[in-house]
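Me: Could you take a close look at the ligand site in this one? I'd like to know what lines it and what touches the ligand.

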Amino acid sequence: MKIQILTIFPEMCREVLGGSILKRAQEKQLAELEAVDIRKWATGKHRTTDEAPYGGGPGMVMKIEPIDRALAELRSPGSRVIFLSPQGRQLTHAVAADLSRESHLILLCGHYEGVDQRVADHLVDDEISIGDYVLTSGILPALVLTDAVVRLIPGVLGDSLSAEQDSFVAGALDHPHYTRPEVYRDWSVPGVLLSGNHGAIEKWRKERAIEATTSKRPDLRQPDPEGR
Ligand code: 9D3
């Protein structure tokens, strides 16, 4: 899968795209991740990408022409252009899973007060937000979306991890995890985890996961196969 992040601050993305899981995905040739500078398609002496809003008011608005030219050049037959915007549908695990099956994503980031409305109305295929809080730009949302999508591409994580995650992660919280020491101050590790009884450990983990979900995130609770 190819993901291109279209922004006026490509440097801000490159650091994140070159680290950890995202780096490994690229080394394994499962993903090609690129930050692309909108300014490349800006014209004039000052390569302007933004101007004052029609109708007045504070701040600047990103111009449509450089974005249109950029998208015309970057789009491919199977590409999906996603505008990161506070007005988009919210990113969830299900949306990320859907996007992980695409072959080419172009993620358009807004900056300043916003982007000329004609971009959202005529030039993009999809509009996505990462949640109801105000950020300063669409860059972090584009990186969040990239991270959530790339880790779902088959082969990027270990196979055991990915199989588990499909049936589980989207619908419930994880069970608690412990490592050494067995006792720290007077806080001890639950005895069942030291018992060597794998059946009992599996049962304990399932129960703790359900318990955590019910008490902390009841909205995520999904009925078990027996409908409870
Ligand atoms: C300060 C201007 N705001 C008026 C209430 C509008 C506004 C413009 C631009 C708010 C945020 C932004 C920058 N944010 C994004 O581009 C963005 C975003 C976000 O802020 N929160 C969650 N998801 C996203 S996706 C893109």
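Reply: Here is a walk through the ligand site, with a short look at the rest of the chain afterwards. Bear in mind that this is a predicted model, where local features need pLDDT of at least 70, side-chain atom pairs count only at pLDDT 80 or more, and totals for chains, interfaces and linings use all residues. Residues are numbered from 1 along each chain as its sequence is written, and side-chain values use heavy atoms, with hydrogens and water left out.

The ligand has 16 residues around it, and the closest are Glu113, Ile130, Gly131, Tyr133 and Leu135; to count, a residue needs a heavy atom within 4 Å of the ligand. By class, that shell holds 9 nonpolar, 6 polar and 1 charged residues (Ala, Val, Leu, Ile, Met, Phe, Trp, Tyr, Cys and Pro count as nonpolar, Asp, Glu, Lys and Arg as charged, and the others, Gly among them, as polar). Strands β5 (79–90) and β8 (126–129) each give at least two residues to the shell, and β5 has the largest share, with 3 residues. Strands here are DSSP runs of E, at least two residues, and helices are runs of H or I, at least four residues, numbered from the N terminus.

Now for the nitrogen atoms of the ligand. A polar backbone atom of Tyr133 is 2.8 Å from a ligand nitrogen, a backbone N or O atom of Ile130 lies 3.1 Å from a ligand nitrogen, and for Ser129 a polar side-chain atom is 3.4 Å from a ligand nitrogen. These are polar contacts, meaning pairs of N or O atoms within 3.5 Å. On its own the ligand exposes 570 Å², and the protein buries 71% of that (Shrake-Rupley areas, 1.4 Å probe).

Stepping back, the chain has 8 helices and 10 strands. Its C-alpha atoms fill a box of roughly 70 × 40 × 40 Å along the principal axes.

Two local oddities are worth a glance too. Arg180 and Pro181 are joined by a cis peptide bond, with omega about 5 degrees, and Pro181 is in the loop between α7 (159–168) and β9 (183–184). Ser20, in helix α2 (residues 20–27), has a positive phi near 45 degrees although this residue is not a glycine.

Key:
A polar contact is a pair of N or O atoms within 3.5 Å; within protein, one must be able to donate a hydrogen and the other to accept it, and residues adjacent in sequence count only if both atoms are side-chain atoms.
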